[in-house]
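Hi everyone, thanks for making time. I'll walk through one structure today, so let me put it on the screen.

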Amino acid sequence: MAKNLTPREVDYSKWYNELIIQADLAENSGVRGCMVIKPHGYAIWEGMQAELDRRFKETGHENAYFPLFIPKSYFSKEAAHVDGFAKECAVVTHYRLKNSPDGKGVIVDEDAKLEEELIVRPTSETIIWDTYRGWVKSYRDLPILVNQWANVVRWELRTRLFLRTTEFLWQEGHTAHATREEAIAEAEQMLEVYREFAETVLAIPVVRGTKTANERFAGALESYCIEALMQDGKALQAGTSHFLGQNFAKAFDVKFQDRDGQVKHVWATSWGVSTRLMGALVMTHSDDSGLVLPPKLAPIQVVLVPIYRGEEELLAISLVAKKLVAELRAKGVRVKYDDRDSYKPGWKFNEYELKGVPLRLGIGPRDLENGVVELARRDTLTKEFVAIEGLADSIPARLEEIQQALLDRASARLAASMHRVDSWAEFEAAIERGGFVMAHWDGSPETEDRIKEQTKATIRCIPIDNPLEDGACVLTGRPSIQRVLFARAY
RNA sequence: CGGGAAGUGGCGCAGGUGGUAGCGCAUCUGGUUUGGGACCAGAGGGUCGCAGGUUCGAAUCCUGUCUUCCCGACCA
């Protein structure tokens with residue numbers, strides 16, 4: 001097993017790749033661009049799923065499951081949607097293999113060509129809206145508030161573990177409403193769910209906003225997003241929520257009869273977050289010693305490591321350790337006692353730091369004499385001696401403190417990386433330094449494109465509740481009514 | 001999908017002018033160890049990414065292909 005990580009300062013990208021592998025989160029598979037999510041990584045994802053799923057249900061949503069395959073004809077029904085996804089779709093053309101004539105392996109049976117090709121879903125709007133047509137007749141059938149947990153495939157040309165993989169896991173919510181206002185409220189509500197989740201569970205502060213036309217979801221009238229800032233100064237879209245208007249309802253003929261007797265098309269939203277959040281989590285909190293996990297998501301929150309010579313000492317320590325474990329479990333703390341004799345304490349310390357365990361308790365013979373344990377905090381890499389008496393009682397609060405400290409640290413970094421600039425020279429310099437840049441923009445897609453060409457920066461969003469302020473576009477000098485948020489992004 | 005680099009025991013690498021593969025770490029056994037990745041001794045493990053070709057003989061030369069990394073265009 002490889003050891004020291006490349007420091008972030010030396011090569012951030014290499015640090016990220018090594019960390020994912022060494023912390024046992026995921027690895028590349030034999031399939032180009034597709035990863036294997038390993039148990040430690042998947043446990044974290046399961047934690048995210050559980051927290052999100054609870055929030056979805058609390059806001060009235062139900063889970064369902066739609067097919068992996070989408071008939072090609074469905075895809076062509078919504079023009080903007082096709083444009084957005086056509087270039088990255090995997091297509092199933094045959095349904096059978098046969099033995100190769102040369103006796104080596106199998107080949108596609110050309111006689112088994114599908115009459116209509118199937119798309120492997122890059123997102124499920126089309127199959128879902130085709131289904132909803134049958135579910136909606138009356139205003140009484142609305143709203144439909146459905147979410148699905150699924151995998152999707154987008155044939156990416158350049159992939160990175162968690163951040164951009166060909167296949168990824170996500171949830172996609174798809175809702176149908178009787179009115180425009182209700183659909184917009186739903187999209188806004190889910191954005192708020194994502195923000196609250198990001199901050200309280202992931203400990204990642206985000207900026208909420210709306211996307212410009214260029215960055216909008218294919219087929220949406222409005223895309224809302226939460227944008228986070230990574231340690232290297234690049235932005236990452238952590239979640240999106242879309243107001244789809246009546247585009248899909250019209251494309252798939254989903255209508256209902258309203259109270260007033262009129263037949264109307266329904267109003268739609270969709271919203272999603274993906275395993276990309278794993279990348280966001282890593283790049284927000286982790287350091288050169290490895291992964292740093294917020295306690296709410298850590299599969300192991302507290303690890304106990306005995307330090308001993310000989311059976312006798314181990315027995316004495318285990319007695320105390322096992323009692324502590326039981327007390328912590330009773331308080332709902334996820335705890336592990338690592339009494340493996342095959343590794344030395346120092347090895348274990350490094351291992352758990354690499355894997356991001358928030359708290360580590362070291363217990364040796366000297367500690368037993370003094371009635372203390374050595375308590376190490378992963379986020380600060382600090383150590384202190386704490387009395388065993390009453391220790392278990394204080395652990396939940398300590399975990400809470402770490403959770404808060406991670407959010408505070410990330411929030412401070414976000415605030416410090418938010419720059420306001422008014423000239424093109426300042427703009428270029430600020431983008432080059434990294435971080436978010438608030439600058440005036442004339443509102444045209446062409447200007448946005450030109451800025452992207454020249455600086456690689458994109459408009460991440462127009463922040464919610466953005467104050468209106470007259471100014472001049474940072475590139476063209478044309479009139480602008482507000483500053484928008486720029487950054488280079490993942 | 002274009003440009004560059006790379007694939008050799010589990011991991012990191014050497015070898016390379018063609019002659020049948022080696023080092024470090026990891027693994028296994030035994031012993032000594034255990035407060036920040038222990039030490040000694042012994043052992044096991046590789047059809048050199050894959051498929052063709054050249055050759056008496058290929059890890060080495062040629063062709064194709066797959067995968068990974070970096071840079072671009074595209075993107076959650």
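Let me start at G356, the residue that follows α10 and has a positive phi, near 85 degrees. Before going on, some housekeeping: this is a predicted model, where local features need pLDDT of at least 70 and side-chain atom pairs count only at pLDDT 80 or more, while totals for chains, interfaces and linings use all residues. Residues are numbered from 1 along each chain as its sequence is written, chains are lettered from A and ligands numbered from 1 in the order in which they are written, and side-chain values use heavy atoms, leaving out hydrogens and water.

Okay, back to α10. Helices and strands here are DSSP runs, H or I of at least four residues for helices and E of at least two for strands, numbered from the N terminus. The buried residues in α10 are K348, F349, E351, Y352, E353, L354 and K355. By buried I mean under 20% relative accessible area, with exposed over 50% and partly exposed in between, using a 1.4 Å probe and protein chains only. Covering those buried residues of α10 are, among others, α1, α2, β17, β18 (335-337) and β19. F349 also has company over its ring: the charged end of R360 sits 4.0 Å from the centre. For that I ask that NZ of Lys or CZ of Arg be within 6 Å of the ring centre and within 35 degrees of the ring normal. R8 does this too, over the face of W15, at 5.9 Å from the ring centre.

Now the RNA. How many residues surround RNA strand B? There are 43, and the closest are R158, R164, R276, R309 and D367. Near means that one of a residue's heavy atoms lies within 4 Å of the strand. That surface splits into 12 nonpolar, 12 polar and 19 charged residues. Here Ala, Val, Leu, Ile, Met, Phe, Trp, Tyr, Cys and Pro count as nonpolar, Asp, Glu, Lys and Arg as charged, and the others, Gly among them, as polar. On the RNA side, 44% of the strand B atoms within 4 Å of the protein belong to sugar or phosphate, and the rest to bases.

For polar contacts, think pairs of N or O atoms within 3.5 Å. A side-chain N or O of K383 is 2.8 Å from a base nitrogen of RNA strand B, and a polar side-chain atom of W347 lies 3.0 Å from a base nitrogen. E156 instead puts a polar side-chain atom 3.0 Å from a sugar or linking oxygen of the strand. The elements giving two or more residues to this surface are α1 (12-22), α10 (345-355), β19 (359-363) and α11 (365-370). And which one gives the largest share? That's α10 again, with 7 residues.

Last topic, aromatics. There are 16 aromatic pairs, meaning Phe, Tyr or Trp rings (six-membered ring for Trp) with centres within 6.5 Å; planes under 30 degrees apart are stacked, over 60 edge-to-face, the rest tilted. F56 and Y194 have ring centres 6.5 Å apart and planes at 75 degrees, so they're edge-to-face. This pair links α2 (residues 39-58) with α6 (residues 180-202), 138 residues apart. Both F56 and Y194 are buried, and they join W45, W149 and W271 in one aromatic cluster.

That's my tour, happy to take questions.

Conventions: A polar contact is a pair of N or O atoms within 3.5 Å; within protein, one must be able to donate a hydrogen and the other to accept it, and residues adjacent in sequence count only if both atoms are side-chain atoms. Contact means heavy atoms within 4.5 Å.
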